[in-house]
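Me: I have a few "why" questions about a structure. Can we go through them one at a time?

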Amino acid sequence: MLSGFKSFNRRQFLKLLAYLACILGIEQDGLDRLSRIFARVADKPRLIWLTGTGCGGCSLSLIGSQRADIVELLGRAVSLTWHPFLSQEANEERALKTVFEEATDFYLIVEGAVSKEDRKFSSQLSQLASRAQAVIAAGACASSGGILSAGNGSFAGISQSGIRSEPIRLSTCPLHPEHLLAVLSYLLYYGRFPELDNFGRPVFLFGSSVHESCPRRGSYEEGKFLKDYNSNEEAGYCLLLKGCRGFEARSDCAVRQWNDGLNWCIASNGGCQACSEANFLQRFEPFKREGSTQIRVSGKAAAAAAGAVAGATAALGAKRILKKHECSIERRS
Amino acid sequence: MNGVILGPSRVGSKIEIVLDIEQAAIKRARLKLLNVRNFSEIFKGRYVVDAPFVASRICGFCQTAHQVAAAQAVETAFGVEIPEAAVLIRFLLKAVSHLSYHLFHFYQQALPDWIDIKSILAHKGSTGELFQLKERIRLLIESGESAPFSADFPVDDETIADPETVAGLLSHYYMALEVQSWLAQMGALLGGRFPHNQSIVLGGITAVPGPDALYQFKALLDKVSSFVKKVYASDVIALVTGPLLESGLRGDGVSYRNFLAGAGYSTSRNKGTFVSGFISNGKLENIARFTPEKINMVEGEGGKKKNVVYENLPVETGALARLLVLREKNLLKVLDGKGIGPGASARHLARTLEAVLLANKMYYWLDKLFEELSVPGCRVYSEFKIRGKREAEAIIETPSGLAVHRLALDNSRIKEYLLVTGPHWLLSSGSNGRHSVIEKALNGITVDAEKPEKMLKLLRIIHSFDLCACSSVG
């Protein structure tokens, strides 16, 4: 533990590379090249982290990650030229001077929403964004305004602020650290953008709904729903009646889980709040239900989710599920 | 020279400090918050059941305390007592984020002001881990990429330059980052994930944790607690009584000397770990009773949005206030014994001693939780119906200070939500005062805006305060 850098030995490094190779779909003959990306000392591409307005949770999420370790792993692949919470240099302008002077090889990561009143930040953002190799919106606030978009309309995600290139959105609240690791590795390994969905999220991370790979999907199919948090018998039952939004959320949380694969929202009975979706608070509230009788499904996902419920129940011949729990599906546009 | 603008990094929210400098000293400092997030507006009209989830987003660092505050306010308004096991799980989760906050505050936010990374190059050893660290940093400096440190960071005559001390502190800087991942894992074990826990809901907690999760939690707590006691506490005590002693004796960062603390980690059934009380004008032995009615929002100069005072005085809350009111003996021993004023050094020391105290307390809570969960039919959740119009309030200690959550609800919806956070106290100046708590601490400091090394003193004071994202909420 005294090594100064995280206790990170060869074995753990190889394990992480294998993990990354799986996410990125790299075959055995590519492993060597992947490992070289993470074994540089000098001439690393720069990483510039800008913060707009937010709670700082995305940075903390990254700092608290063992797999996507910002110093030991990311720090081997890129040079963290500027991070407002971490840089020793206390003066942002001085730190970014060289970047502004010479358009260099850098990736721009933005955390937090953009305030419509903050012209200084908007202009800094658009100047840097126009020169960056890629712009990554880290977390919900940078992606769509997140929880701040529910206020008086003075905050928005970064693409509505006039930046030239569309950002790659890693849209969960907070940022999933392994999503950032995966996307940076993708950019460094393939040298091109990953395929993005309509919301600008990488399809290889956000391509399927949480429900699709949910470990509790079996109990959903069987019509077993959790009703009492205290119950031992109901442990592991589907959280639909408690307000879970796994149908509508697109993210690989069910596979990746959180905090180095230790736990995640659904395993803790907290349910999914669809935090990966634009403006998730306004669209998916309330997140919790007390023995509710209605499942409200909003927007575009309505048809799909309605189909999923109807399909699943019909497949089982199980209208009784809906009847039993007095669920009804109400469409909301 | 008037209007020198400083936008320091390593604080949790975006701030700007405007300085009027006269004869090489700060005549007047004005701290401005950039981009205030109006949470009262965000909360308005939302579902009451979601209050904890929204409250978590007030601050990524004090998240759990705000989440619990929102839940506790509504539960109290409906007279709901949540099961003891849920109380204990909430305490443990809050303590996890509390430790995470203190460690980050010291190693990542404050320490870089005091060290010169280049000093490690004179480290004498030729084997071992500190030598490896030195070699690694040498390569980084040579390639011009020593981030997050900078080889040309300014130094002054108080910068720590002893190679062995710097080597040790740097290695602890990186270890502290690893400890953050252990804490995040502890948060995930009981909270579903970290940051922004998922298991805290109105009425308690969403799941009865299994014994495997609790044993894993305990194993991580062992590692964290050992770091806190053997590394963090000894680092801070050695610094405060060593290289930082001059600064402490000068009283750097001392402000109004009014300290207010609430009863942290308490419920109606559990006596608080921290006690409430009020110290005015530096009379540390004289602890007055804390009366919540004396908290007031007043109109400040220039119509500042938040100007929150106690007995119409600007006060400081947070770890130093909590431990002074608690009369924590180790803190008083160092402060009295060395003659260190209740300023910047004292704040660092108080956070450290509080972390030790909390780490010990976590073992106690965990033992109690094991006991609770061994009873058959143990509950973690009490269901209740949210009906009618209510006023709800919780006054709660967060890592960055005393917070107030006050809300009005009408059936399932939130009508109004008023928030006071720890940093709000520091940004308030009282009804007659011109200077907020932080501004007052900066006045008179010798600086030179042309010379970065002459601004270090100022940075060190700013980085002793709690300026997490809680600062920038309305």
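What follows is a short exchange on salt bridges, burial and the contact between two chains.

Reply: Go ahead. Keep in mind that this is a predicted model.

Me: Why is the pair of A:Glu285 and B:Arg46 called a salt bridge?

Reply: The rule asks for a side-chain nitrogen of Lys or Arg within 4 Å of a carboxyl oxygen of Asp or Glu. The closest N and O atoms of A:Glu285 and B:Arg46 are 2.7 Å apart. That value is within 4 Å, so the pair counts as a salt bridge. Across the interface of chain B and chain A, the rule finds two salt bridges.

Me: What makes A:Lys44 and B:Glu145 a salt bridge?

Reply: Their closest N and O atoms are 3.9 Å apart. The cut-off is 4 Å, so this pair counts too. The pair crosses between chains. A:Lys44 sits in the loop between helix H2 (31-37) and strand E1 (46-51) of chain A, and B:Glu145 in the loop between H5 and H6 of chain B. Both residues are buried.

Me: Why is B:Glu16 called buried?

Reply: Buried means under 20% relative accessible area. B:Glu16 has 11% relative accessibility, so the label fits.

Me: And what label does B:Lys32 get, and why?

Reply: B:Lys32 has a relative accessible area of 43%. Exposed means over 50% and buried under 20%, so B:Lys32 falls in between and is partly exposed.

Me: How do you know that B:Lys32 and B:Glu16 pair up?

Reply: Their closest N and O atoms are 3.6 Å apart, which is within 4 Å, so they form a salt bridge. B:Lys32 lies in strand E3 (residues 25-33) of chain B and B:Glu16 in strand E2 (residues 15-22), so the pair ties together parts that are 16 residues apart in sequence.

Me: Why do B:Glu311 and B:Lys294 count as a salt bridge?

Reply: The closest N and O atoms are 3.1 Å apart, so the 4 Å rule is met. B:Glu311 has 37% relative accessibility and counts as partly exposed. B:Lys294, with a relative accessible area of 34%, is partly exposed as well.

Me: How much area is buried between chain B and chain A?

Reply: About 7,000 Å², of which carbon and sulfur atoms give 58%. The contact takes 82 residues from chain B and 76 residues from chain A. There are also 30 residue pairs in polar contact between these chains.

Key
Residues are numbered from 1 along each chain as its sequence is written. Chains are lettered from A and ligands numbered from 1 in the order in which they are written. This is a predicted model: local features need pLDDT of at least 70, side-chain atom pairs count only at pLDDT 80 or more; totals for chains, interfaces and linings use all residues. Side-chain values use heavy atoms; hydrogens and water are left out. Contact means heavy atoms within 4.5 Å. Buried area is the accessible area (1.4 Å probe) that two parts lose on being put together, summed over both. A polar contact is a pair of N or O atoms within 3.5 Å; within protein, one must be able to donate a hydrogen and the other to accept it, and residues adjacent in sequence count only if both atoms are side-chain atoms. Helices (H or I, at least four residues) and strands (E, at least two) are DSSP runs, numbered from the N terminus. Buried means under 20% relative accessible area, exposed over 50%, partly exposed in between (1.4 Å probe, protein chains only).
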